[in-house]
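Please read these notes with the model open beside you, and look up each residue as it is named. The points begin with one strand and its partners, then turn to charged pairs and a pocket.

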Amino acid sequence: MKRLTSLPSLFALLLFILVSLHLPPSWAASDSVYDTFLQCLTNRTRPSDHISDIVYSQANSAYANVLGSYARNRRFTSSSTRKPLVIVAPTRESHVQAAVLCSKDLGVHLKIRSGGHDYEGVSYVSEDAFFILDMFNLRSIDVDIQEETAWVQAGATLGELYYGISEKSKVHGFPASVCQTVGVGGHLSGGGYGNMLRKHGLSVDNIVDARMVDVQGRILDRKGMGEDLFWAIIGGGGASFGVILAYQIKLVPVPEKVTVFRVEKTLDENATDLVYKWQFVAPSTDHGLFMRLILQPGASKTQEGQQTITASVVTLFLGNLDQLLAITDREFPELGLKKENCTEMSWIESVLWWIGFDNGTIPSTKTLLGRDYPTTFFKRKSDYVQTPISKANLDLLWKKMIELGKVGLAFNPYGGRMSQIPASATPFPHRAGNLFKIQYYINWREEDPEAGKKYLAQISRLHSYMTPFVSKNPRSAFLNYRDLDIGTTTNGKNSYEEGRVYGVSYFNDNFERLVKVKTAVDPTNFFRNEQSIPPLPK
């Protein structure tokens with residue numbers, strides 16, 4: 001009798017060994033892992049939960065749709081890309097606890113996905129056998145206008161959050177991304193920035209509490225986890241430390257009317273003068289004025305057969321049109337801004353305008369509840385600029401961008417509130433001293449792998465070209481603009497040395513504190529990915 005009762009544990013051990021040996025797809029697709037994992041989950045949850053309804057094996061007819069619905073980058077959706085053995089889509093916090101403990105029992109790597117916008121697919125791709133804990137069902141939002149706070153679960157999107165706030169108040173908002181389908185869990189835990197950062201800071205500067213599941217399967221709030229772990233998950237990447245269930249955020253005030261505009265100039269319209277002056281004005285102007293600068297190579301509309309650079313200034317001003325014009329006329333005449341370029345609207349309407357509804361027709365705010373997102377092949381990189389780039393070097397940059405042909409740049413101004421918050425206040429260190437952040441971007445639709453290699457080479461060449469003009473020692477980067485070219489870890493015996501390469505770029509001097517927190521809360525490195533925070537070596 002004793003031998004019979006030990007069979008389940010022996011079978012779990014066998015699975016651990018087999019999975020660790022990277023089984024071929026034919027075995028991985030079998031029901032063996034699914035059945036054992038499902039039994040473990042069932043044992044750790046209530047019978048009424050119908051746990052089989054939220055667990056998807058590779059044989060499940062809904063598996064491909066669930067996997068693909070939140071895979072945003074087609075670079076990581078090919079038939080040759082390793083797929084998860086199982087996807088778990090929890091509907092209760094207890095399901096998350098069970099998934100963590102059962103993954104540990106089986107010795108299978110657990111990846112955590114909130115919205116799938118990780119630029120390198122880290123939340124849904126792995127080189128080893130793995131499960132996905134997909135948080136999309138955990139999307140509740142509870143807005144308390146009287147307290148000016150909201151609890152928002154990790155699987156909610158930013159669009160759903162903005163909509164929820166707007167249903168309760170027209171004079172409250174939250175500083176986060178302009179992309180409405182981004183998941184709250186990843187965005188906030190990685191820093192989170194948007195077009196109100198100069199007035200209100202980052203998303204993480206406005207978090208007051210959190211709920212998470214740790215490596216022991218416990219649900220912890222801020223008090224329970226302690227200040228060190230709380231600090232780590234508001235900018236250090238939550239997936240290195242546990243599973244974020246929800247954040248309590250502090251809402252920020254917004255005026256009843258804000259002003260938006262887009263102004264475009266090409267090189268023959270003195271775009272160089274505009275870009276040069278922008279570097280001085282955008283980081284130092286009124287804190288309520290955010291002017292993103294987008295630089296894109298393309299065909300000239302005035303000179304046939306010639307290429308040019310289009311500089312687009314896309315703006316949110318937390319004030320009215322007259323106040324805005326008074327600022328731009330005084331500080332930025334090169335912009336040539338006129339009243340007819342500007343539109344006053346509510347803050348929630350400006351969210352829709354920034355999404356792309358900037359042609360004069362703002363749809364219903366319920367548009368923000370949509371989760372569909374057009375997928376494409378893409379690559380992103382980032383940099384920080386601390387000294388203005390000269391006109392002569394801007395001219396050389398234009399030549400390089402035109403030569404490469406497709407890579408664009410987005411300059412996002414800092415200053416304002418960002419310069420007032422200490423670099424150590426959160427893991428995100430890029431504060432005072434940074435004029436603006438650069439996002440390098442390239443998208444393509446060609447399926448041919450050789451085309452992909454060509455475009456990846458283009459963005460790498462432009463990133464390399466910009467070396468003299470950006471931050472040094474370290475060359476800093478933004479975690480939420482994930483870039484595996486900076487470095488990766490195999491999560492083996494050299495994980496600390498490997499992690500330090502990218503960790504110092506993302507976190508500067510805060511990296512070592514993150515390592516200490518990781519070592520204290522997850523010393524065996526259960527929560528890991530290709531760019532996670534490593535524990536100290538034993």
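1. In this predicted model, strand E8, which spans residues 207-213, is mostly covered, since five of its seven residues are buried.

2. Strand E8 has pairing partners that deserve a careful look. It runs antiparallel to strand E10 (residues 243-250), to which six bridges join it, and within E10 the residue Ala246 is the bridge partner of Arg211. Strand E9 (residues 219-220) is also antiparallel to E8 and is joined to it by two bridges, with Leu220 of E9 as the bridge partner of Met212. The hairpin of E8 and E9 has five residues between the strands, and there Gly217 takes a positive phi near 80°.

3. The whole structure holds 31 salt bridges. In one of them, Arg113 and Asp134 bring their closest N and O atoms to 2.6 Å apart; this pair links distant parts of the chain, with Arg113 in strand E3 and Asp134 in strand E4, 21 residues apart. Both Arg113 and Asp134 are buried.

4. Are the partners in the salt bridge of Arg46 and Asp49 (3.5 Å, N to O) buried or exposed? Arg46 counts as partly exposed because its relative accessible area is 45%, whereas Asp49 counts as buried because its relative accessibility is 9%.

5. The second largest pocket has a volume of about 340 Å³. Among the 16 residues that line this pocket, Arg75, Phe76, Thr81, Val125 and Glu127 are the closest to its centre, and by class the lining has four nonpolar, five polar and seven charged residues. Arg75 also belongs to a network of salt bridges with Glu120, Lys379, Lys381, Asp483 and Asp485.

Conventions: Residues numbered from 1 in each chain as written. Predicted model: local features only at pLDDT ≥ 70, side-chain atom pairs only at ≥ 80, totals over all residues. Heavy atoms only, no water. 1 Å grid on protein atoms, 1.4 Å probe; cavity = no way out; pocket = protein on both sides within 12 Å on 5 of 7 lines; lining within 4 Å. Points joined across faces, edges and corners; volume = space filled by probe spheres on them. Nonpolar A, V, L, I, M, F, W, Y, C, P; charged D, E, K, R; others polar. Buried < 20%, exposed > 50% of the residue type's maximum accessible area, 1.4 Å probe, protein only. Helix = DSSP H or I, 4+ residues; strand = E, 2+ residues; numbered from the N terminus. Pairing = 2+ DSSP bridges. Salt bridge = Lys/Arg side-chain N within 4 Å of Asp/Glu carboxyl O.
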